[in-house]
Amino acid sequence: MSFTPLRFEANDGSAVDRQHGIEIFESRIQPAEQPGETEYQFGVYQGDKRFGFGCNGTQRVSEDGGRTQRTFVLNLGEDATLEWALQLKGWLEFPGDDRSFLWGLADGLVKTFQDRTDNYDEDVRYEVVIDAGALQRHGIAAPQDAGQEILVAAVDIPMHPLSGVRS
């Protein structure tokens, strides 16, 4: 059976896959139960159907040549998160394999942030990672030569060009 994979494009605070009629809206962000972690809660719409999807994440700051980059890392590799993602796949009636869905979902999650323009003093990067062991526990093959933590999707957002000019 042939299927079309998810292909999201950024759309002003959301990510849209027009072929499957799916839109993911930029997340609500709040502190997670674990210290140092953040909880991301996304709205996922398909026509009149409304779903929620959440995951935890961390952040790190690095400097390169005097330029600061803040990286937000969303983790889809926790067992409960993977189970929820696979339930979402069923609710959305996505016909493809589990791994294709997870990679497409990850791409959609980071693309919700792609149009961000409020980063006046640093570059920003959003990443989605999945633990190879968690994939195996759910019967999903990890890519060959993958390490334990697999980078599934990322989007880089350069410092806003109006740096220092705030209204």
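**Exercise 1. Tyr126 and its ring partner**

Task: Decide whether Tyr126 is buried or exposed, then describe its pairing with Phe113.

Solution.
Step 1. Tyr126 has 4% relative accessibility, so Tyr126 counts as buried. Buried means under 20% relative accessible area, exposed means over 50%, and partly exposed lies in between (1.4 Å probe, protein chains only).
Step 2. Keep the source in mind. This is a predicted model, where local features need pLDDT of at least 70 and side-chain atom pairs count only at pLDDT 80 or more, while totals for chains, interfaces and linings use all residues. Residues are numbered from 1 along each chain as its sequence is written, and side-chain values use heavy atoms, with hydrogens and water left out.
Step 3. Check the partner. Phe113 is buried, because its relative accessibility is 1%.
Step 4. Describe the rings. A pair of aromatic rings is described by the distance of the centres and the angle of the planes. Rings of Phe, Tyr and Trp (its six-membered ring) pair if their centres lie within 6.5 Å; planes under 30 degrees apart count as stacked, over 60 as edge-to-face and the rest as tilted. By this rule there are eight aromatic pairs.

**Exercise 2. Two stacked pairs**

Task: How are the rings of Phe51 and Trp91 arranged, and which elements hold these residues?

Solution.
Step 1. The centres of Phe51 and Trp91 are 5.7 Å apart and the planes differ by 10°, a stacked pair.
Step 2. Phe51 is in strand 5 (residues 49-64) and Trp91 in helix 1 (residues 79-91). The pair links distant parts of the chain, 40 residues apart. Helices (H or I, at least four residues) and strands (E, at least two) are DSSP runs, numbered from the N terminus.
Step 3. Phe51 is buried, because its relative accessibility is 18%. Trp91 is partly exposed, because its value is 34%.
Step 4. Now return to Phe113 and Tyr126. This pair is stacked too, with 4.0 Å centre to centre and 0° between the planes. Phe113 lies in the loop between helix 2 (98-111) and strand 7 (123-131), and Tyr126 lies in strand 7, so the pair ties together parts 13 residues apart in sequence.
Step 5. Place them in a group. Tyr40, Phe42, Phe72, Phe113 and Tyr126 form one aromatic cluster.

**Exercise 3. The sheet**

Task: What is the strand order of the sheet, and which strands stand at its edges?

Solution.
Step 1. Count the elements. The protein chain has three helices and eight strands. Along the sequence, the pattern is β-β-β-β-β-β-α-α-β-α-β.
Step 2. Read the order. The open sheet has eight strands in the order 1-2-3-4-5-6-7-8, with mixed pairing. Two strands pair if DSSP finds at least two bridges between them.
Step 3. Find the edges. Strand 1 (9-10) and strand 8 (149-157) each have a single partner strand, so one side of each is left without a neighbour in the sheet.

**Exercise 4. Walking from strand 2 to strand 5**

Task: How many bridges join strand 3 to strand 4? Which residue in strand 5 stands opposite Phe42?

Solution.
Step 1. Strand 2 (residues 14-17) and strand 3 (residues 22-31) are antiparallel, with four bridges. Asp17 has Ile22 as its bridge partner. Four residues lie between these strands in the hairpin, where Gly21 takes a positive phi near 65°.
Step 2. Strand 3 and strand 4 (residues 38-46) run antiparallel, joined by eight bridges. Arg28 stands opposite Gln41. Their hairpin has six residues between the strands, and Gly36 in the turn has a positive phi of about 85°.
Step 3. Strand 4 and strand 5 run antiparallel, joined by nine bridges. Phe42 stands opposite Phe53.

**Exercise 5. Two buried residues**

Task: Which residues outside its sequence neighbourhood touch Thr81, and which touch Asn56?

Solution.
Step 1. Thr81 lies in helix 1. Thr81 is buried, because its relative accessible area is 7%.
Step 2. Contact means heavy atoms within 4.5 Å. Leaving aside neighbours within four places in sequence, Thr81 touches Phe53, Gly54, Cys55, Asn75 and Leu76.
Step 3. Asn56 lies in strand 5. Asn56 is buried, because its relative accessibility is 18%.
Step 4. With the neighbours within four places again left aside, the contacts of Asn56 include Tyr40, Val73, Asn75 and Glu78, and also Ala32, Glu37, Thr38, Glu39 and Leu74.
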